[in-house]
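Please walk through this structure with an eye on charged side chains and backbone geometry.

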Amino acid sequence: MDYRTLVNEDNDGTEGQDQSLSPFIQFDTEEDQNNSEKQSRWSHQKDLDDFFVRVYQYHQRHGFFCILLSEIFSLVQFIFIVSFTVLIVQCIDYPLLFRSTPSARNITHKIHFNEVIQSPKQCLSSMHLLTTLCIIFSIIYWLYRLSRAVYNLISYFNIRAFYIQALDIKPNDLSNMTWHEVQQRLLIAQRTHHLCIHKLNLTELDIHNRLLRFKNYEVAMVNKGILPPRIHLPIFGDIISFTTGFKFNLRLILFWGPYAPFDERWHLRQEYKIHSQREKLSKQLSNFILLYGLANLLLSPFIFIWQVLNLFYGYTELVRREPGVLGSRRWSNYGRFYLRHFNELDHSINQRLNRGYKPAIGYMNSFVNYSIVEAAKFISFTTGAILAVLILLTIYDEDVLNVQHMLTLMTSLGVVLGVCRSLIPDENAVFDPEQMLQLVLAQVHYQPNSWKDHAHTNYVQAEFGQMFQLKYVYILEELVSAFVTPLVLCFQLRRKSLQIIDFLRNFTVDVQGVGDVCSFAQLDIAKHGDMKWFAPIRPKSVNKTDGGIANDGKLELSLMHFHHTNPNWQMPKQCEVYLEKIQERAVENLHGSSILQQSLNDIQNLQSQRSFYSDPQCTTSVQNRSIFSKPLMNTSSYSPLHTTISVRPNVSTVQNSFLNGGVSKADLPYRSLAQFGVLSKIHSQMFDMSDPYSLMGSLASIQGLPGAAQLDMNISCLFMHELRHKYKHGEYEDLENINEDQNNESTC
């Protein structure tokens, strides 16, 4: 595949629109006299990527004062960790503290702190060489962090002035504004202050492409199978190595480092765009990866020490207080990249994965190893009995605590008891893996098509476990990553240097006013869409292979998600046609799709919650009313996954809803249904029905409800997966695909 340039032309239609996109924005005519001075300050930002990232981070980190506190506490915390570690390792007289020497045993009075802690002179005189080296490296690193903190604070103080002067957002108002509102003001500021001189108007897609330029490449490389590296171990099988240390090194190699393929952050070096240079560049990149691997190997002891200290101070007290925390789960680094949409900001994916956490826990708890459960029951019974006796003895006589190691024994028994009880499932729980995985999919939006109807198998559970890993597995991976990362760089990533070079050449496009970006991030449904997900047929004149198609519906679902999170985005006509085609399929399948039927139940839940919280007295009129005035479908044709939700939803019904998780401020603009969402189409169809008294017509009342748009996105995602599954089984063999000839003037 040859490298091609994609140029985005300005949309002339937006120039005539009202510039007051947000009701909060008003540019004072009295201040227009100083407009030229302000424009000279903010116009033509040299590094617009860095500028937009800081604008975003300023909002997400809650303003300059919070950033200042964060930087100060981070520096102080580093000093505390190093100094406290040196104190406990080097400057405490442990033989005296534990009375392990004859002279210490003869001491009859209580030992004081000043007797145990040695003087600075004694500490320095007895300090080991390794400790001295660690302190020297720590001082150098702390000075580097100090310089970075000063630079960041100066930059964020600049951003603070930009918020006040250009965006008209006062510091006190920042906490009450969403990023969507800030972004709308940023688009207006471009027209006034000309932040980018290469384009008159910026779009939401332009801003996201700059904010996520490199993350989109990472998401695409994970989607195409280039990342992450997989290590085959004889007993454990294939192990995914995508630790925080590896991720940091990868970004240094490809994006940030002095010899990275990207020059000045927004431009791929010209030689990487030439096919004939691929072999030479591959060897060059392989050598750079080897150098990074050797550098990591030299620094691995110091990195390991830091990891141990950081995890020890961060988790020890938590494990003592909540022993089951090590058995909890988290989304792995690999899972976060696999489940991330193109052009999805950090706060968006965090909220989405947080909503999917409880369904994911429920799914993983569906798999029970009964041999481990039996062992856990036995151990918990014996340790509980011993601990109960010791507690009774301490209640009877507190001198029992003076017995040597008694407190340590009781603490250890409590930890073991907590871990064992966390391994025992709830005896009253009823598990349905298929249903739980469906609820997970509603929130996280992605899963391999091979998982469909196989959620009960150990294979699917193991693959999902790689995305949703145990906390103690994460801790162990981070501990050993200091030694594993150099090996992965030298022996795994180097082998893929040619694949990386080809990927950067084939999937990089130059966008006017933005620079070089990943072509998948342009949401080009005509170029990278998958016909199995009902993307348009490509022209015969263009040579396309499956290598240019995003896997698992990544592009199609990313387009739907970007439309929901940026409803004002003027998408190209071809993208509109594609989403309209999905809507048409939703209307056709309304009576035969269990997903769409459940969405109507969730709509009733939204209506009931709003009516209950707005006017509790009026809920009696609709209580226990069925959502359907007459059956919409033959119930024998499918097995419904959920039950109808009542006016006062209980815990079980909320957990079985596709809306699971609620809506936070970070999710806005989830205030209204998106124009091309599946639920939006069903809503409009039912609202247009001739019978005004039908409950279908009353669906108009959900317009503007915060949870409606989130539910719209979830239902759209599930329905697109359902269409993909039907296509796989030959239900749409004669499907009339979208023809690109319908619109020759505009492409994605």
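**Charge pairs and backbone turns**

Arg585 counts as buried, because its relative accessibility is 12%. The model is a predicted one. Arg585 forms a salt bridge with Glu588, and the closest N and O atoms are 3.0 Å apart. The partner sits in another setting: Glu588 has 54% relative accessibility, so Glu588 counts as exposed. Why are Glu588 and Arg585 separated by about one helical turn? They are 3 residues apart in helix α26, which runs over residues 573-588.

Salt bridges also build a network. Arg278, Glu279, Asp502 and Arg505 are joined into one network by salt bridges that share partners. In total, the structure holds 17 salt bridges. The general idea is simple. Side chains of opposite charge can pair when their charged atoms come close.

Take another pair. Lys170 and Asp168 form a salt bridge, with 3.2 Å between the closest N and O atoms. Lys170 counts as partly exposed, because its relative accessibility is 38%. Asp168 has 29% relative accessibility, so Asp168 counts as partly exposed too.

Now go to a buried pair. Arg352 and Glu344 meet through their side chains in a salt bridge, at 2.6 Å from N to O. Are these two residues buried or exposed? Both Arg352 and Glu344 are buried.

Glu344 matters again for the next residue, Lys554. Lys554 is buried, yet Lys554 has no salt bridge. Which side chain of opposite charge is nearest to Lys554? That side chain is Glu344, at 7.3 Å. A salt bridge needs a side-chain nitrogen within 4 Å of a carboxyl oxygen, so 7.3 Å does not qualify. Lys554 is found in helix α25, which covers residues 554-565. What is Lys554 in contact with, leaving aside its neighbours within four places in sequence? The contacts are Val219, Asn223, Phe337, Tyr338, Leu339, Arg340, Phe342 and Tyr446.

Next comes the backbone. Asn343 has a positive phi of about 65°, although Asn343 is not a glycine. Asn343 lies in the loop between α15 (333-338) and α16 (346-355). Its relative accessibility is 3%, so Asn343 counts as buried.

His445 also departs from glycine in identity while showing a positive phi, here of about 80°. Where is His445 placed? His445 is in the loop between α20 (433-444) and α21 (458-467). The relative accessible area of His445 is 1%, so His445 is buried.

A peptide bond deserves a look as well. From Leu227 to Pro228 the bond is cis, with omega near -5°. Pro228 is found in the loop between α12 (213-223) and β1 (230-233).

Finally, turn to the annotated spans. An unreviewed UniProt entry carries the annotation "transmembrane region" for residues 64-89, 126-144 and 288-309. How does the model fold two of these spans? Residues 126-144 are 84% helix and 0% strand. The end C-alpha atoms of residues 126-144 lie 28 Å apart. Residues 288-309 are 100% helix and 0% strand. The end C-alpha atoms of residues 288-309 lie 30 Å apart.

Technical notes
Residues are numbered from 1 along each chain as its sequence is written. This is a predicted model: local features need pLDDT of at least 70, side-chain atom pairs count only at pLDDT 80 or more; totals for chains, interfaces and linings use all residues. Side-chain values use heavy atoms; hydrogens and water are left out. UniProt positions are given in the numbering used here, feature names are shortened, and annotations may be inferred rather than shown by experiment. Helices (H or I, at least four residues) and strands (E, at least two) are DSSP runs, numbered from the N terminus. Buried means under 20% relative accessible area, exposed over 50%, partly exposed in between (1.4 Å probe, protein chains only). Lys and Arg count as positive and Asp and Glu as negative; His and the chain ends are not counted. Contact means heavy atoms within 4.5 Å.
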